[in-house]
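Visitor: I am new to this structure and would like a short tour. Please show it to me and begin with one residue.

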Amino acid sequence: MSLLKVARLGHPVLRQLTGAVTASELRSALLQQFIDDMIATMKEYDGVGLAADQVHESKQIAVLEVAGNPRYPDKPDVPLTVLVNPKITPLSEEMEDDWEGCLSVPDMRGRVPRYKSIRVEAWDRSGQPVNFVANDFHARVVQHEFDHLNGKVYLDRMRDLSTLTFLTEYVRYWMPR
Ligand SMILES: [Zn+2]
């Protein structure tokens with residue numbers, strides 16, 4: 001396994017639409033290794049999610065996991081999930097604001113409105129269809145990663161930039177305790 005270099009805001013790859021993965025491509029040892037590397041990279045940097053274009057591969061693949069994460073200590077666990085070619089559908093119009101950060105926008109947080117409940121349809125890493133409902137923080141993480149695959153970052157979704165905060169100030173003034 002190897003750790004991958006994370007693209008930071010300003011790298012053009014973060015603003016491109018990613019390409020769909022074919023079934024045969026997904027079966028290849030190369031792509032399976034890449035998915036393992038994405039998971040290792042997400043864990044190394046304490047991410048709760050990582051999109052392939054964040055590690056310079058413009059493909060529709062995202063990984064997510066929340067498990068006692070030190071960057072998001074107040075959030076419930078989400079099992080390790082690999083989403084290939086995901087589609088999301090909001091299940092209601094209801095939205096909620098909460099803090100987000102991003103490995104491609106280091107050391108910052110901002111409040112972002114997201115749908116509270118979404119349906120997620122994708123392939124897993126073996127090409128099997130997955131279809132589930134995600135709520136609250138789980139739904140937030142999926143929407144954040146899905147945006148990456150469409151060339152968007154969380155800053156684009158903020159109502160305005162008035163809550164944009166450095167991590168140190170977030171911990172000092174805004175972190176729930
Ligand atoms: Zn991100």
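Visitor: Is Asp147 buried or exposed?
Guide: This is a predicted model, where local features need pLDDT of at least 70, side-chain atom pairs count only at pLDDT 80 or more, and totals for chains, interfaces and linings use all residues. Residues are numbered from 1 along each chain as its sequence is written, and side-chain values use heavy atoms, with hydrogens and water left out. Buried means under 20% relative accessible area, exposed over 50%, and partly exposed in between, with a 1.4 Å probe and protein chains only. Asp147 has 5% relative accessibility, so the residue counts as buried.

Visitor: Which element holds Asp147, and which residues does Asp147 touch?
Guide: Helices (H or I, at least four residues) and strands (E, at least two) are DSSP runs, numbered from the N terminus; by that numbering Asp147 lies in helix 3. Contact means heavy atoms within 4.5 Å. Not counting residues up to four places away in sequence, Asp147 touches Arg114, Lys152 and Arg157.

Visitor: Gln143 is in helix 3 too; which residues does Gln143 touch?
Guide: Gln143 counts as buried, at 5% relative accessibility. Leaving aside residues up to four places away in sequence, the contacts of Gln143 are Ile88, Arg114, Tyr115 and Ile118.

Visitor: Which residues line the largest pocket?
Guide: A 1 Å grid is laid over the protein atoms alone; a pocket is an open set of points where a 1.4 Å probe fits, with protein on both sides within 12 Å along at least five of seven lines, and lining residues have an atom within 4 Å of a point. Strand 3, strand 5 (105-115) and helix 3 are the elements that give two or more residues to the lining of the largest pocket. The lining consists of Ile88, Pro90, Met95, Pro113, Arg114, Tyr115, Gln143, Phe146, Asp147 and Arg157.

Visitor: How much space lies in the largest pocket?
Guide: Grid points are joined across faces, edges and corners, and a volume is the space filled by probe spheres set on the points. For the largest pocket this gives about 170 Å³.

Visitor: Which residues are the protein donors of the zinc ion?
Guide: Donors are N, O and S atoms within 2.8 Å of the metal (3.2 Å for Na, K and Ca); water is not among the atoms, so sites may look incomplete. The donor residues are spaced C-x41-H-x3-H in sequence. The protein donors lie 2.1 to 2.2 Å from the zinc ion, and they are Cys102 (SG), His144 (NE2) and His148 (NE2).

Visitor: How many residues apart in sequence are the parts that Cys102 and His148 tie together?
Guide: Cys102 is in strand 4 (residues 95-102), while His148 is in helix 3 (residues 136-149). Cys102 and His148 are both buried. Because the two donors sit in those elements, the pair ties together parts whose separation in sequence is 46 residues.

Visitor: In what order do the 3 strands of the open sheet with strand 4 stand?
Guide: Two strands pair if DSSP finds at least two bridges between them. Strand 4 and strand 5 pair in the antiparallel sense over 7 bridges, and 2 antiparallel bridges join strand 5 to strand 8 (residues 165-166). The order in this open sheet is 4-5-8.

Visitor: Which residue is the bridge partner of Met95 in strand 5?
Guide: Strand 4 and strand 5 form a hairpin with 2 residues between them. In this pair, Glu96 stands opposite Arg114. The bridge partner of Met95 is Tyr115.

Visitor: At what angle does helix 3 run to strand 4?
Guide: Axes are lines fitted to C-alpha atoms, for helices over the stretch in contact, and angles run from 0 to 180 degrees between N-to-C directions. Helix 3 lies across strand 4 and strand 5, and its angle to strand 4 is about 60°.

Visitor: Which strands stand at the edges of the sheet ordered 1-2-3-6-7?
Guide: This open sheet has 5 strands with antiparallel pairing. Each edge strand has a single partner strand, so one side of each is left without a neighbour in the sheet; the two are strand 1 (49-51) and strand 7 (129-135).

Visitor: Which helix packs on that sheet?
Guide: The helix in question touches strand 1, strand 2 (61-66) and strand 3, and its direction makes about 40° with that of strand 2. It is helix 2 (residues 29-44).
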